Amino acid sequence: MTIHAHLEKLFSLDGKVAVVTGSGQGLGWGIADLLAKAGATVAINDLDPKTVDRRVGQITDQGLKATPLPFDVTDHAAARTAIDSLADRHGSVDIVVNNAGIQNRKPIVDYLPHEWDALQQTHVGGTFNVTQAAARHMIAGGRGGRIVNLGSIATLSSRVPMAAYAAAKGALTAVTHALASELGRHGITCNALEPGFMATEFTKSLTENEEFSAFVRTRVPAGRWGTPDDIAPAVLYLTSPAASYVNGTILRIDGGTLSYL
Ligand SMILES: NC(=O)c1ccc[n+]([C@@H]2O[C@H](COP(=O)([O-])OP(=O)(O)OC[C@H]3O[C@@H](n4cnc5c(N)ncnc54)[C@H](O)[C@@H]3O)[C@@H](O)[C@H]2O)c1
């Protein structure tokens, strides 16, 4: 076997059905596009059905496989219905990437209870809703499965006030370890990424802030903002045959940020 054929086998997602939440833009879109390039049928999920359809078109125009799956991850019933219909149509749900997220940077003394709850409902509740619905199919199907959660370096370090976000991402770290343990016996792995400063809509107010951007250029050892292209290959690895023994790992992708004091 040539090295090319060997690598293709190690990283192929042929025949896999993947759901990437919040894949209408940003990191989620980069992840969805790469998983499709690796051969998966990718369900594009986001809030706006028109955005979802546009992204599906961008994948199918490349001769790759994608299907629209718009729903709000905070809606338990909607997540269940959508994931069940995906499994009905495609025969399985093999990969879940819990990426949908929101942010609300403000001092703890100003946080309103419903604002705090919204962060937890989207990141933690959304991960519960989608993962539970998919895990039922993964377990019943007996083909194993892959779950990747989007955490953040904010679990350990914050430059601007974001306690609600840090709480939500910290919970996802804990959930990742718990599910790795609970689901491993079914051949299902659960891992998380901890991105650092990534240039997306999510951080627009920071990328447009020259003082903050100067901080990123000087303080991050890589000397730049991260991009979806820095994140998507790690998701491909964690969802590929190459990572079948990687379970419960938190992979930090921050250009060295947390290693530099
Ligand atoms: N950008 C960063 O610096 C950074 C760093 C660490 C972690 N993250 C995490 O990575 C993930 C993606 O971030 P991004 O930078 O691409 O953000 P983004 O704002 O560009 O994209 C997030 C997407 O999630 C969707 N979304 C939000 N709530 C949803 C819901 N209830 N149901 C379905 N979709 C929903 C949004 O519509 C949007 O398309 C998030 O979980 C975020 O917390 C981002």
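This is a short tutorial dialogue on reading the strands, core, ligand shell and some single residues of a predicted model.

Biologist: I have the structure open. Which strand pairs with S1 over 4 bridges, and in what sense?

Modeller: Remember that we are looking at a predicted model. Strand S1 covers residues 17-20, and its partner over 4 bridges is S2, in the parallel sense. To place the pair on your screen, find Val20 and look for Ile44 in S2, its bridge partner.

Biologist: What does the chain make of S1, helix H2 and S2?

Modeller: Together they form a right-handed β-α-β unit, with H2 spanning residues 26-37. The chain then goes on from S2 through helix H3 (residues 49-60) to S3, and this β-α-β crossover is right-handed too. S2 and S3 (residues 65-68) run parallel and are joined by 4 bridges. Ala43 is a good landmark there, as it stands opposite Thr67 in S3.

Biologist: Which strand is joined to S1 by 3 bridges?

Modeller: That is S4, which runs parallel to S1. Go back to Val20: its bridge partner in S4 is Val97. So far we have met Val20 with Ile44 in S2 and with Val97 in S4.

Biologist: And where does the chain go after S4?

Modeller: It passes through H5 to S5, in a right-handed β-α-β crossover. S4 and S5 (residues 145-150) pair in the parallel sense over 4 bridges. Asn98 has Asn149 as its bridge partner in S5.

Biologist: How should I read the side chains along a strand?

Modeller: The general idea is that side chains in a regular strand alternate between the two faces of the sheet. Here, Thr41 and Ala43 of S2 point one way, while Val42 and Ile44 point the other way. In S4 (residues 95-98), Ile95 and Val97 point one way, and Val96 and Asn98 the other way.

Biologist: Are those S2 residues buried or exposed?

Modeller: All four of the S2 residues are buried, and the ones I named in S4 are all buried as well.

Biologist: What should I expect of nonpolar side chains, then?

Modeller: In soluble globular proteins they tend to be buried together. In this model, the largest nonpolar core has 65 residues. The residues with the most contacts inside that core are Ala18, Val19, Ile31, Leu35, Val42 and Ile83.

Biologist: Let me pick Val19. Which residues is Val19 in contact with?

Modeller: Leaving aside neighbours within four places in sequence, its contacts include Ala43, Leu69, Ile83, Val97 and Val130. Asn45 is also among them.

Biologist: Now the ligand. How many residues are around it, and which come nearest?

Modeller: There are 28 residues around the ligand, and Gly22, Gly26, Gly101, Thr200 and Phe202 come nearest. By class, the shell has 10 nonpolar, 15 polar and 3 charged residues.

Biologist: Which helices each supply at least two residues of that shell?

Modeller: H2 and H5 (113-141) do. The largest share, 3 residues, comes from H2.

Biologist: How do I decide whether a single residue is buried? Take Gln103: where does it lie?

Modeller: Count the other C-beta atoms within 10 Å: 20 or more makes a residue buried, and 12 or fewer makes it exposed. Gln103 lies in the loop between S4 and H5. It is partly exposed because it has 19 other C-beta atoms within 10 Å. Not counting residues up to four places away in sequence, Gln103 touches Tyr165 and Phe202.

Biologist: Which loop holds Trp225 and Thr227?

Modeller: Trp225 is in the loop between helix H8 (210-219) and helix H9 (228-239), and Thr227 lies between H8 and H9 as well. Trp225 counts as partly exposed because 19 C-beta neighbours lie inside 10 Å. Thr227 has 14 such neighbours, so it is also partly exposed.

Biologist: What do they touch, beyond residues within four places in sequence?

Modeller: Trp225 is in contact with Phe197, Met198, Ala199, Thr207 and Val216. Thr227 is in contact with Met198 and Ala199.

Biologist: How far apart are the C-alpha atoms of Thr227 and Gly26?

Modeller: They are separated by 8.4 Å, although 201 residues apart along the chain. Compare Trp116 in helix H5: its C-alpha atom and that of Ser181 are 65 residues apart along the chain and separated by 29 Å.

Methods: Residues numbered from 1 in each chain as written. Predicted model: local features only at pLDDT ≥ 70, side-chain atom pairs only at ≥ 80, totals over all residues. Core = buried A, V, L, I, M, F, W, Y, C linked by C-beta atoms within 7 Å. Contact = placed C-beta atoms within 7 Å. Pairing = 2+ DSSP bridges. Right-handed = clockwise from strand over helix to strand, strands pointing away. Near = placed C-beta within 6 Å. Nonpolar A, V, L, I, M, F, W, Y, C, P; charged D, E, K, R; others polar.
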